[in-house]
Amino acid sequence: MGGFEGGMLDAASDFVLGLPKCELHVHLEGTLEAEMARSMVARHGNDPASVGLGERPAAFAGLSDFLARYYAAMQGLQDEDDFYELTTAYLETARRQGVVYAEMFFDPQAHTSRGVPFGTVVSGIHRAQQDALARGGPDSALVMCLLRDESLDSAHATLAESLPYRDRGWILGIGLDSDERGNPPSKFAGVFERARGAGFRVTMHCDPRQETSVAHLWECLDVIGVERIDHGIECLSDDRLTGEIARRRLGLTACPLSNLRLYGTLMADAVTELMARDVLVTLNSDDPAYFGGYIADNFAAVADEAHLTRAELAVLAKNAFLASWLAPARRDGYLRAVDDYVSAAAPSHSAPTR
Ligand code: HPA
Ligand code: ZN
């Protein structure tokens with residue numbers, strides 16, 4: 001692991017680390033570090049070597065290559081304590097990286113398809129969320145992602161299983177992830193309509209560099225009526241689409257280190273372009289155990305490449321709170337905390353990072 005967890009620090013990154021941050025795009029299963037995956041597999045009596053858990057390449061051959069490794073590593077996650085340990089470790093790292101609030105994804109079908117009950121997954125995660133909060137944070141909420149390369153029947157069945165936990169307030173939103181090829185948002189229009197009716201907030205992945213990125217983004221707006229878009233950066237190839245995303249104030253959850261490891265570029269220019277176009281773009285970590293860094297590392301990487309000022313970094317941090325699904329009073333409290341942090345950091349931190 002590199003970046004802040006590896007101990008790299010200078011004055012500019014010190015500012016990034018202390019900036020109160022909101023994480024909107026992190027997959028809990030993508031926080032499963034190789035060492036934890038291996039020890040869980042061994043604990044359940046299997047041989048870690050036989051499932052290739054050590055392989056976390058510096059560059060992936062695109063989304064499908066990453067996803068194959070991501071699903072393979074999950075087989076160690078079997079009982080409630082495993083999900084508790086995974087979530088506790090992520091929240092502890094997030095706290096160290098300056099996260100005060102996180103809306104975290106999980107992929108229930110990746111577990112129920114292996115025979116792990118839905119309730120086991122959410123109970124372990126929920127207990128870890130409660131315990132982290134009792135220890136002083138970060139606060140967090142859960143967003144259930146449906147796997148777009150699974151069937152519509154499986155999506156409906158998973159939604160049905162989630163409803164009791166939606167009613168208890170354990171799951172806040174619903175998303176869509178996994179392999180986008182041949183799996184457009186419209187395939188799931190009926191499920192998402194049901195989910196919205198049940199009170200779920202709605203987001204969807206539109207990954208970078210997909211042949212159908214622009215068409216899928218339009219479907220997110222026109223067919224699904226999403227409240228946020230995960231990645232979504234390819235909207236920049238369609239001016240009208242970018243304008244509509246800005247007009248609707250839809251958050252776009254960019255993931256720079258994910259872009260770097262999957263596509264060879266941070267896409268930092270796209271982030272500054274989206275800011276200039278008044279889009280509510282945010283910086284996030286996606287699958288940090290695979291992509292070499294957590295949220296502060298993503299902020300630092302973009303700050304470095306795009307020569308962001310501290311004021312611009314504060315805008316990015318505030319965008320995430322604005323795009324979050326926090327109640328207005330709590331959201332506004334966090335926005336004030338960012339302003340207070342920036343003012344308290346002056347004058348020594350008033351200079352640009354460049
Ligand atoms: N895109 C699609 N599926 C995923 C991702 C992602 O960024 N991360 C985990 N599953
Ligand atoms: Zn993602």
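Start by selecting P138, which is found in the loop between α6 (118-134) and β3 (139-147). The helices and strands named on this tour are DSSP runs, with helices being H or I of at least four residues and strands being E of at least two, numbered from the N terminus. Now add G137 to the selection: a cis peptide bond joins G137 and P138, with omega about 5 degrees.

Before moving on, a word about what is on your screen. This is a predicted model, in which local features need pLDDT of at least 70 and side-chain atom pairs count only at pLDDT 80 or more, while totals for chains, interfaces and linings use all residues. Residues are numbered from 1 along each chain as its sequence is written, chains are lettered from A and ligands numbered from 1 in the order in which they are written, and side-chain values use heavy atoms, with hydrogens and water left out.

**The ligand**

Next, select ligand 1 and show its surroundings. Of the 13 residues around ligand 1, S178, D207, H231, D286 and D287 come nearest; a residue is near a molecule if one of its heavy atoms lies within 4 Å of it.

Which residues should you zoom in on for polar contacts (pairs of N or O atoms within 3.5 Å)? Try H231, where a polar side-chain atom lies 2.9 Å from an oxygen atom of ligand 1. D286 also places a polar side-chain atom 2.9 Å from an oxygen atom of ligand 1. At D287, an N or O atom of the side chain is 2.8 Å from a nitrogen atom of ligand 1. The protein covers 100% of the 260 Å² of accessible area that ligand 1 has on its own, by the Shrake-Rupley method with a 1.4 Å probe.

Color the shell by class and you will find four nonpolar, five polar and four charged residues. Here Ala, Val, Leu, Ile, Met, Phe, Trp, Tyr, Cys and Pro count as nonpolar, Asp, Glu, Lys and Arg as charged, and the others, Gly among them, as polar. Then highlight β1 (21-27) and α3 (63-73), each of which supplies at least two residues of the shell. The largest share, four residues, comes from α3.

**Buried loop residues**

Now go to P208, in the loop between β5 (201-206) and α9 (213-224). Is P208 buried or exposed? P208 counts as buried because its relative accessibility is 1%, where buried means under 20% relative accessible area, exposed over 50%, and partly exposed in between (1.4 Å probe, protein chains only). Measure from P208 to V191, C-alpha to C-alpha: they are 17 residues apart in sequence and 24 Å apart in space.

M267 sits in the loop between α11 (256-263) and α12 (268-276), and at 9% relative accessibility M267 counts as buried. From M267 to I171 there are 96 residues in sequence and 31 Å in space, C-alpha to C-alpha.

C255 is in the loop between β7 and α11 and is buried, with a relative accessible area of 0%. Select L283 too: the C-alpha atoms of C255 and L283 are separated by 5.8 Å, with the two residues 28 apart along the chain.

**Positive phi angles**

Finish with R249, found in the loop between α10 (239-247) and β7 (251-254). R249 is not a glycine, yet has a positive phi of about 55 degrees, and is partly exposed, with a relative accessible area of 42%.

The last stop is H307, in the loop between α14 (295-306) and α15 (310-323). H307 has a positive phi of about 55 degrees although it is not a glycine, and counts as partly exposed at 44% relative accessibility.

Terms used
Polar contact = N/O pair within 3.5 Å; in protein donor to acceptor, adjacent residues only side chain to side chain.
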